[in-house]
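User: I'm new to this structure and would like a close look at one part of it. Could you take me through the first helix and what surrounds it, then show me how its charged pairs fit in with others elsewhere?

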Amino acid sequence: DLSCTKLRSMKILLILGANSDIAEAVAAEAAKKQINLILAGRNNDKLEALKSDLEIRFDAKVHICIFDAFDSKSHSQFYENLPEKPDAVLCAFGYLGDQATAQNDPVESAKVITTNFNGAVGILEIIALDFEQRKHGVIAGISSVAGERGRQSNYLYGSAKAGFSTYLSGLRNRLFKAGVHVITIKPGFVKTKMIAGINTPGPLTAEPDQVAKAILNGIRKKKNVVYIKGIWRLIMWVIRSIPEPIFKRLKF
C-alpha cells in the first residue's frame, strides 16, 4: 500500500531523464499519490505531452524543465532555476549504446560513459549538497546489474554502471549523518525502448510499472539497494562467485 499518507514526506519529486519508459511509469505512479512532479529531460515536446497526460488523468501538479546530462556547465543553473526545490530526486536517464560500435568509435564509448556516469554524478553532486544543507531528502539512482561484473558483451555500459553504483554507495555513506537517504536501483531486464529488439527471459524481465512501484516502495521504506526482481540478487551472486580463470573463458 503506497498511500499518499505513507509518502507524505515526499512532496516534490524531481525526475531527471523523465522521457524514459521507467521514468514515465514512476511519474504516473507518483501522480496517483498527488506527489508534485518536476520532469526534466532534453525533449520538450515529449515533456509537454507527459505533463498534459498526467494533469488530465490524475489532476497532478507538474512542472517541466529542459535538462541535458551532457552539458555539465548548465547543471548548476538548471538546479538553481527550478520552480521549487525537490525533496526527492530520481536519476533515470541512461544509454545502453552498442558495445561493438563503441569498441571502435571513441565518440560512442564517450557517450556511454558520459551519460551513465559523468552526467549523473555532475547533477547529483549539486543536489546532494543542497539536500545535505537542508538535512532532508532522498536520492534514487537507476544503476544496473550489468555493473556487478564486466562481460564482453556490454563492458563499457557495465563499467559505467559499476562506477555509478559505487558513487551512490559512497554518497549514501556521506549523507547518512545529514538525514539524507540514497537508494541504488538495479532493475535487470525491463521491457523498455532501451532493450527493444533484444530477446530477454520472461521470468527475469520486469514491466515499467513494476519498477515504478518498487522505486516508490524503496523510497518509502528507505531501502539501500533495490533489485526489482529478487532473483537477480541470486543470479548476480552466482556470477560474482565464478573464479576469474573460468569466467574469462565464458562467452556472454
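Analyst: What follows is a walk along one helix and the loop after it, with a few stops elsewhere in the chain. Keep in mind that this is a predicted model.

Let's start with the helix itself. Helix α1 covers residues 21-32. Its length checks out nicely: with 1.5 Å for each residue, its 12 residues should span 16 Å, and the C-alpha atoms at its ends sit 17 Å apart, which agrees. Most of this helix is covered, with 10 of the 12 residues buried. Among those buried residues are I22, V26 and a number of alanines, including A23, A25 and A27. Two acidic residues, D21 and E29, are on the buried list too.

E29 deserves a longer look. What does E29 pair with? K32 forms a salt bridge with E29, and their closest N and O atoms are 3.6 Å apart. That pair fits the helix: K32 and E29 are 3 residues apart in α1, so about one helical turn separates them. The two partners differ in how covered they are. E29 has a relative accessibility of 7%, so it counts as buried, since the cut-off for that is under 20%. K32, at 44%, counts as partly exposed. The pairing goes further than these two, as salt bridges with shared partners join E29, K32, K33 and K213 into one network.

Now step off the end of the helix. After α1 comes Q34, which has a positive phi, near 60°. Q34 is a residue other than glycine, and its phi is still positive. Where does Q34 sit? It belongs to the loop between α1 and β2, the strand of residues 36-41. Its relative accessible area is 44%, so Q34 is partly exposed.

A similar feature turns up further along the chain. D59, again a residue other than glycine, has a positive phi near 55°. This one lies in the loop between α2 and β3 (62-66). At 64% relative accessibility, D59 counts as exposed.

Back to charged pairs, with α2 as the next stop. In general, side chains of opposite charge can pair when their charged atoms come close. Here R57 makes a salt bridge with D53, with 3.0 Å between the closest N and O atoms. Both residues lie in helix α2 (residues 44-58), 4 residues apart, which is about one turn of the helix. D53 is partly exposed, at 30% relative accessibility.

Which parts of the chain does the pair of K186 and E148 link? First, the contact: K186 forms a salt bridge with E148, the closest N and O atoms lying 3.1 Å apart. The two come from distant parts of the chain, 38 residues apart: K186 is in strand β6 (residues 181-186), while E148 is in the loop between β5 (138-142) and α6 (155-175). K186 counts as buried at 11% relative accessibility, and E148 is buried as well, with a relative accessible area of 14%. Counting salt bridges across the model gives 12.

One last stop, for a surface without charge pairs. I231, L234, W237 and V238 make a nonpolar surface patch of about 390 Å². I231 lies in helix α8 (residues 231-241), and its relative accessible area of 38% makes it partly exposed.

Conventions. Residues are numbered from 1 along each chain as its sequence is written. This is a predicted model: local features need pLDDT of at least 70, side-chain atom pairs count only at pLDDT 80 or more; totals for chains, interfaces and linings use all residues. Side-chain values use heavy atoms; hydrogens and water are left out. Patches are made of residues with over 30% relative accessible area and no salt bridge: like charges are joined within 9 Å, nonpolar side chains (Val, Leu, Ile, Met, Phe, Trp, Tyr) within 5 Å. Accessible areas come from the Shrake-Rupley method with a 1.4 Å probe; for residues, only the protein chains shown count as cover. A salt bridge is a side-chain nitrogen of Lys or Arg within 4 Å of a carboxyl oxygen of Asp or Glu. Buried means under 20% relative accessible area, exposed over 50%, partly exposed in between (1.4 Å probe, protein chains only). The expected span of a helix is 1.5 Å times one less than its number of residues.
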